[in-house]
Amino acid sequence: MLNELLHLDKELFLFLNNLGSSTWDGFWLWITKTWGSLPVYVLLAWLSYRSLGLKRFLVLLVAVTLLILVTDQFSSFVKLGTHRLRPCYDASLNGLMRLVKASCGGRYGYFSAHAANATAVAVFFVHILGKDVRYFRAFILLWAFLVAYSRIYIGVHFPLDMLSGIGVGALLGWIFARLFLKFIEDTKAVAPKN
C-alpha cells in the first residue's frame with residue numbers, strides 16, 4: 001500500500017513538474033525564495049501593528065519567530081527520521097524531471113519546510129487578524145499554496161512532501177494563534193485599571 005502511494009506520488013510529481021516551462025521558471029524561483037515573500041510579510045506586519053498596537057505587535061513578532069523556528073526544526077527532525085530522498089536525488093527520476101534550481105538542497109525532503117512555514121504563517125495571521133483580513137484571507141492562503149507548489153515546480157519536493165507540509169503548517173499555525181490569542185486575553189485580564 002505504501003509503495004503504491006509513493007509510486008503515485010512520483011507519477012504526480014513528474015506530471016506537475018513537467019508542466020513547467022522556461023517562460024515561468026523565473027516567477028516560480030522568485031516565489032520559492034524567502035525574498036519573494038517579503039512583500040506579504042511586510043503587509044502582514046503592517047496590518048498586525050495597525051490592529052494590535054505596538055506592545056502586542058512586539059509579542060506577535062516573538063510568536064511568529066517561535067512558530068517558524070518550531071515548524072522548521074520539526075521538518076528537519078522528520079526529514080532525518082524518514083530519509084525520503086528529494087526528487088532531484090532519486091536516481092529513478094534522472095532525465096525525467098526538471099530541476100529549475102541551481103542546486104537541489106539537502107538530501108531528504110519529507111516534509112517540505114517551505115510549505116509548512118508558509119502555511120503556518122498564513123493560518124496564524126488569518127486567525128490573529130480575523131475580521132481585519134476578511135477580504136485578504138484568500139490572498140494569504142493562496143500565497144502559502146503558491147510557495148508550497150513552487151517546491152514541486154522547481155523539482156525539490158514530491159506532492160506528498162508539500163501536502164504534509166501544508167497539514168503540519170496549518171496545525172502549528174492554528175495552535176500558535178490560539179496560544180497568542182489566549183496570551184492577549186490573559187494580559188487584558190490582569191492589566192491595571194486606570
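Let's start with helices α5 and α6, which pack at an angle of about 175°, with their axes 8 Å apart. Angles over 145 degrees count as roughly antiparallel, and α5 and α6 are therefore roughly antiparallel to each other. On the α5 side, the contact is made by His114, Ala115, Ala118, Thr119, Val121, Ala122, Val123 and Val126. Facing them from α6 are Arg137, Ile140, Leu141, Trp143, Ala144, Val147, Ala148 and Arg151. Please keep in mind that what you have in front of you is a predicted model.

If this kind of description is new to you, here is the idea: two packed helices are described by the angle between their axes and the distance between the axes.

Now let me step back to the whole chain. How many helices and strands are there? The secondary structure comes to seven helices and zero strands, so to speak a row of alphas: reading along the sequence gives α-α-α-α-α-α-α. As for dimensions, the C-alpha atoms fill a box of roughly 70 × 35 × 25 Å along the principal axes.

Back to α6, please, and look for its contact with helix α3, residues 34–52. These two pack at about 150°, and their axes are 11 Å apart. That makes α3 roughly antiparallel to α6, and the crossing of the two is left-handed. From α3, the residues in contact are Ser37, Val40, Tyr41 and Leu44. From α6, they are Phe139, Ile140, Trp143 and Val147. You may recognise Ile140, Trp143 and Val147, as these α6 residues also took part in the contact with α5.

There is another partner for α6, which spans residues 137–153: helix α2, residues 22–32. Which way do they lie relative to each other? The angle is about 125°, with the axes 8 Å apart, and that makes α2 oblique to α6. Here too, α2 passes α6 in a left-handed crossing. In α2, the residues involved are Trp24, Asp25, Trp28, Ile31 and Thr32. They meet Leu146, Val147, Tyr149, Ser150, Arg151 and Tyr153 in α6. Val147 is back again, having been named in the contacts with α5 and α3.

Let's turn to charges. Side chains of opposite charge can pair when their charged atoms come close. A search of the whole structure finds four salt bridges. I'd like to show you one of them, where the side chains of aspartate 9 and arginine 84 meet at 2.8 Å, N to O. Aspartate 9 lies in helix α1, residues 2–17, and arginine 84 in the loop between α4 and α5, so the pair ties together parts that are 75 residues apart in sequence.

That same loop deserves another look at its backbone. Histidine 83 lies in the loop between α4 and α5, and has a positive phi of about 55° although it is not a glycine. Phenylalanine 111 has its place in this loop as well. The peptide bond leading to phenylalanine 111 from tyrosine 110 is cis, with omega near 5°.

Last stop, the surface. Which residues form a nonpolar patch there? They are Tyr49, Leu54, Leu58 and Leu61, with about 380 Å² of accessible area together. Helix α4, residues 54–82, gives the most to this patch, with three residues. One residue found in α4 is leucine 54.

That's my tour; thank you for listening, and I'm happy to go back to any part of it.

Definitions and conventions:
Residues are numbered from 1 along each chain as its sequence is written. This is a predicted model: local features need pLDDT of at least 70, side-chain atom pairs count only at pLDDT 80 or more; totals for chains, interfaces and linings use all residues. Side-chain values use heavy atoms; hydrogens and water are left out. Patches are made of residues with over 30% relative accessible area and no salt bridge: like charges are joined within 9 Å, nonpolar side chains (Val, Leu, Ile, Met, Phe, Trp, Tyr) within 5 Å. Accessible areas come from the Shrake-Rupley method with a 1.4 Å probe; for residues, only the protein chains shown count as cover. Helices (H or I, at least four residues) and strands (E, at least two) are DSSP runs, numbered from the N terminus. Axes are lines fitted to C-alpha atoms, for helices over the stretch in contact, and angles run from 0 to 180 degrees between N-to-C directions. Angles under 35 degrees count as roughly parallel, over 145 as roughly antiparallel, 65 to 115 as roughly perpendicular and the rest as oblique. A crossing is left-handed if the near helix is turned anticlockwise from the far one by less than a right angle, and right-handed if clockwise. Contact means heavy atoms within 4.5 Å.
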